[in-house]
Amino acid sequence: MSTDSRSTVDGELRVGMVGYAFMGAAHSQAWRTVNRVFDLPTRVRMSLICGRDESKVAAAATRLGWAGHTTDWRDLITRDDIDVVDVCTPGDSHAEIAIAALAAGKHVMCEKPLANTVDEARAMVAAAAKAQAAGVRSMCGFNYRRVPAVTLMRQLVASGRLGVIRHVRAVYLQDWIVDPQFPLVWRLQRDKAGSGALGDIGAHIIDLTQFVTGQRIAGVSALTETFVKERPLVAESSGLAATSGNGSADGRAMGQVTVDDAALFMARLDGGAIATYEASRFATGRKNSLRVEINGSLGSVAFDLERLNELEFHDATVPAAEQGFNRILVTEGDHPYMAAWWPPGHIIGYEHSFTHEMRDFVEALATGTDPTPSFADALQVQLVLAAVERSAEQGTAWTAVEPALAEVAA
Ligand code: SOE
C-alpha cells in the first residue's frame, strides 16, 4: 500500500485534538487503540491536545495519553508537527476550527453533527473541497456506522438480501434531562449546540439509516417539543469542551432552554422507502436506546444499540415453516472489523465504534483515498435537520430537503 507523503512523517500520523470531554475521551481511546488492534500502513502519534483551561487540559493530556497540551487551538492547527486535527468541541466552534485547519493543510476529523447551521456546514464543505484538491482530507465522525452489526446491515441491503426497501423505523431515546432541575448545560443552548435531541441523537439515526439503505431523505413532516422551558444555570461558563452535558446545578438562577427536547418526523426516502424517526431526551428509562428496523420485500433487519453485538435478520425467501427473526451474533472473523478483535462470541462495546472510525480514517489517509462520511455527506444530514425544524415551525407541513450538491458549487 502506498503512503501519501503529505499525511505522514516517517510513516507517522501526528494527531492534535481540540476538546477533551465526552467525545474527546472517546476519540482518545480510539487513537490509543487503533494501531494496537489493526495492522495499518501508518502509525498514529497522539501529539497534542487542546482546551482553554491550562490545568484541566494538562490533566486530560496525562489521563487520555497525549504527549503535549496547549490552550490555543490556533497554535495546534498551525504547528508543523501536526498532520491531523480532530475536532471534539461543542458544535459552535466546529466550523471555525475545521475550516482553519483545512486551510493550514491539516487533515480533519470532525465530530457530528458537522455544524450548528446549514450555512456553516456549507462553508465547511467548500473548505473541504478546496483542501481535497491539495490532497488534504476530511471526515465527519458518525461513529455508529462502524458498529459491525450496522455495517453488516448495510451489506445485507446492498447485496439485495432485503429486496426492495419499503419501511425504515428509527428511534434514538435517552432520558438524562427528565429532571426539570437538571442544569442548563451547553447541549441545551441553541447558540452552542445548534439544536437539541434533533441534532445530537436524531442526526445519528438520519445518518445511520441513510448509510444502511443507500437512500437519502427527500422530504419530512415533523414536530418538535421542549417540555422543560427553563432550567437552573450552570455556575461555570463553558470553556472549550469543558462541559459534558452532565454538569450540576448551581444556585437558583434560571435560564431558557433554547433547543428541542424531542423531535418526531416521518419521511420519504429518495429510493421509495417511507420512514419514521423519533429522537428524545425524555424517554424515561431509556438511557441510550438507538433502535432501527428495516423492512424489505425479501426480508427485514432489526438493530438495538444496547445489544450492539447482535443483528436480527428475517429472510422471507426461506420456506415459511423456517422463517422468523434470527439473531446473528456479529462476532465472527468474517463480520466487519471483527477479525482484528477476539475469537467468535467475545463481544465488543460502544468505544470500539470509534476505534473502527479511526481505523478507516487512517487507512484512507495512508492510501490517499477520501474517507466517509465526507463533509458533504454530513451537510446532507444538516439539511435534513433544517427541513425538520422548518416543518415543525410550520405546523408539521410537508417540507422537501434541499439538495446538497447545488450548494457546494459556490
Ligand atoms: C448525547 O448524550 C450523546 O453523548 C451524543 O452526543 C453522542 O453522539 C451519542 O453517541 C451518545 O449520546
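This note goes through the ligand site, the nonpolar cores and some individual residues of a predicted model.

1. **The ligand shell.** Start with the residues around the ligand. They are F22, K112, Y144, Y172, Q174, W176, R187, D200, H204, N288 and Y350. By class, this shell splits into 5 nonpolar, 3 polar and 3 charged residues.

2. **Polar atoms facing the ligand.** Three side chains deserve a look here. D200 has a polar side-chain atom 2.4 Å from an oxygen atom of the ligand. For Y144, an N or O atom of the side chain is 2.6 Å from a ligand oxygen. For Y350, a polar side-chain atom sits 3.4 Å from an oxygen atom of the ligand. On its own the ligand has 300 Å² of accessible area, and the protein covers 92% of that.

3. **H204.** This shell residue belongs to helix 8, which runs over residues 197-213. Is H204 buried or exposed? H204 counts as buried because its relative accessible area is 7%, and the cut-off for buried is under 20%. Beyond four places in sequence, H204 touches K112, F142, N143, Y144, Y172 and L290. Of these, K112, Y144 and Y172 are also among the residues around the ligand.

4. **The K112-P113 bond.** K112 is part of the ligand shell. The peptide bond that joins K112 to P113 is cis, with omega about -15°. P113 is in the loop that links strand 5 (107-111) to helix 5 (118-132). Most peptide bonds are trans. Please inspect this one by eye.5. **The T372-P373 bond.** Here, too, the peptide bond is cis, with omega near 0°. P373 lies in the loop between helix 9 (350-367) and helix 10. Y350, from the ligand shell, is the residue at which the range of helix 9 begins.

6. **The largest nonpolar core.** This core has 116 residues. Which of them touch the most other members? They are I217, F265, Y277, F303 and F375. Among the elements, helix 10 (residues 375-393) gives the most to this core, namely 10 residues. Another core lies apart from it. That one has 10 residues, including V185, L188, V257 and F282.

7. **F303 and its contacts.** F303 is one of the core members that touch the most others. With neighbours up to four places away left out, F303 contacts V147, A149, V150, M153, L290, R291, V292, L308, E310 and L311. L290 is on this list, and L290 is also touched by H204.

8. **I177.** This residue sits in the loop between strand 7 (165-173) and helix 7 (190-193). I177 is classed as buried because its relative accessibility is 0%. Outside its sequence neighbours within four places, I177 contacts F182, L188, R231, D261, R281 and F282. L188 and F282 also appear in the core of 10 residues. The C-alpha atoms of I177 and V228 are 9.0 Å apart, with the two positions 51 residues apart in sequence numbering.

9. **Y337.** Most residues other than glycine have a negative phi. Y337 is not a glycine, yet its phi is positive, at about 70°. Y337 is in the loop between strand 16 (325-329) and helix 9. Where does Y337 stand, buried or exposed? Y337 is buried because its relative accessible area is 16%, with the limit for that class set at under 20%.

10. **T396.** T396 is also a non-glycine residue with a positive phi, about 70°. The loop that holds T396 runs between helix 10 and strand 17 (399-400). T396 is partly exposed, with a relative accessible area of 32%.

11. **E293.** Strand 13 (residues 289-296) contains E293. At a relative accessible area of 26%, E293 is partly exposed. The side chains of E293 and N295 make a polar contact at 3.2 Å. Leaving out neighbours within four places, E293 contacts H167, V168, R169, V301 and A302. What is the C-alpha separation of E293 and I99? It is 36 Å for E293 and I99, which are 194 residues apart along the chain.

Conventions:
Residues numbered from 1 in each chain as written. Predicted model: local features only at pLDDT ≥ 70, side-chain atom pairs only at ≥ 80, totals over all residues. Heavy atoms only, no water. Near = heavy atom within 4 Å. Polar contact = N/O pair within 3.5 Å; in protein donor to acceptor, adjacent residues only side chain to side chain. Areas by Shrake-Rupley, 256 points an atom, 1.4 Å probe, with all protein chains shown as cover. Nonpolar A, V, L, I, M, F, W, Y, C, P; charged D, E, K, R; others polar. Core = buried A, V, L, I, M, F, W, Y, C linked by side-chain atoms within 4.5 Å. Buried < 20%, exposed > 50% of the residue type's maximum accessible area, 1.4 Å probe, protein only. Helix = DSSP H or I, 4+ residues; strand = E, 2+ residues; numbered from the N terminus. Contact = heavy atoms within 4.5 Å.
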